[in-house]
Amino acid sequence: MDVGRRQMVWAIIAGVAAAAAGCRSGNGPSSPVAPADYDEEDAVADAAVDPANAGLITGTITYRQRIALPKGATVAVELLDVSDAGAPARIARSGFATDGQVPFRFQLAYDRGRIDPGRAYALQARILVDRAAWFVTDRPVPVLTQGNPSSVNLVLRQASARE
């Protein structure tokens, strides 16, 4: 997929999220961007959000280390179906350029039609600088089904050199 098509897909996704959520406030995404490891398969999963059937997961992302992020850092948040051990399926994904320091507010639009109440779903997030992961979730954080919330506060850990 060429860069122009990727930007168009991300503009559509951003519009869906904004329409579903209304105005953003606080230290949140400044502009939607494709996560650094975005590929064509992601476009299919992300573009499937129907505005009439959009759900929204909200929350904050932070980390404990006293490290300032450089300009150009991006955040990637993914909603995964984690029902099948070892093979999580991506339901939705969003990325945005940071506009300051943590905590960051996020909003992730997803298609409610892809959610089965009998399955387990979770979020994972990363903060990337120059395509390298600086901070990551330890493990996916449960959301949406089985009594789990649709709003979460994610505390990331510093990534190791191999992540």
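**View 1. The order of helices and strands along the chain.** Read from start to end, this predicted model runs α-β-α-β-β-β-β-β-β-β-β. That pattern is made up of two helices and nine strands. The chain has 163 residues, and 41% of them count as buried. Now look at which parts of the sequence meet: take the contacts between residues at least 6 apart in sequence, and 71% of them turn out to join residues at least 24 apart. As for the outside, the accessible surface comes to about 8,600 Å², with 50% of it belonging to carbon and sulfur atoms.

**View 2. A cis peptide bond at Pro103.** Here's a spot to zoom in on: the peptide bond that leads from Val102 to Pro103 is cis, and its omega is near 5°. Most peptide bonds are trans. To find Pro103, go to the loop that links β4 (89–97) with β5 (104–111).

**View 3. Asp130 and its positive phi.** Follow β6 (121–129) to where it gives way to β7 (132–136), and in the loop between them you'll meet Asp130. Its phi is near 50°, a positive value, and Asp130 isn't a glycine. Most residues other than glycine have a negative phi. Is Asp130 buried or exposed? Asp130 counts as exposed because its relative accessibility is 74%, and the cut-off for exposed is over 50%.

**View 4. Gln146, another residue with positive phi.** This one sits in the loop between β8 (141–143) and β9 (151–158). Gln146 isn't a glycine either, yet its phi is positive, at about 60°. The relative accessibility of Gln146 is 55%, so this residue counts as exposed.

**View 5. Thr145, a buried loop residue.** Stay in the loop between β8 and β9, which also holds Thr145. What is the relative accessible area of Thr145? The value is 7%, so Thr145 is buried; the cut-off for that is under 20%. Its loop companion Gln146, by contrast, is exposed.

**View 6. What Thr145 touches.** Which residues does Thr145 touch, once those up to four places away in sequence are set aside? They are Ile115, Asp116, Pro117, Arg119, Ala120 and Tyr121. Take Pro117 as an example: Thr145 and Pro117 are 28 residues apart along the chain, but their C-alpha atoms are separated by 5.6 Å.

Methods: Residues numbered from 1 in each chain as written. Predicted model: local features only at pLDDT ≥ 70, side-chain atom pairs only at ≥ 80, totals over all residues. Heavy atoms only, no water. Helix = DSSP H or I, 4+ residues; strand = E, 2+ residues; numbered from the N terminus. Buried < 20%, exposed > 50% of the residue type's maximum accessible area, 1.4 Å probe, protein only. Contact = heavy atoms within 4.5 Å. Areas by Shrake-Rupley, 256 points an atom, 1.4 Å probe, with all protein chains shown as cover.
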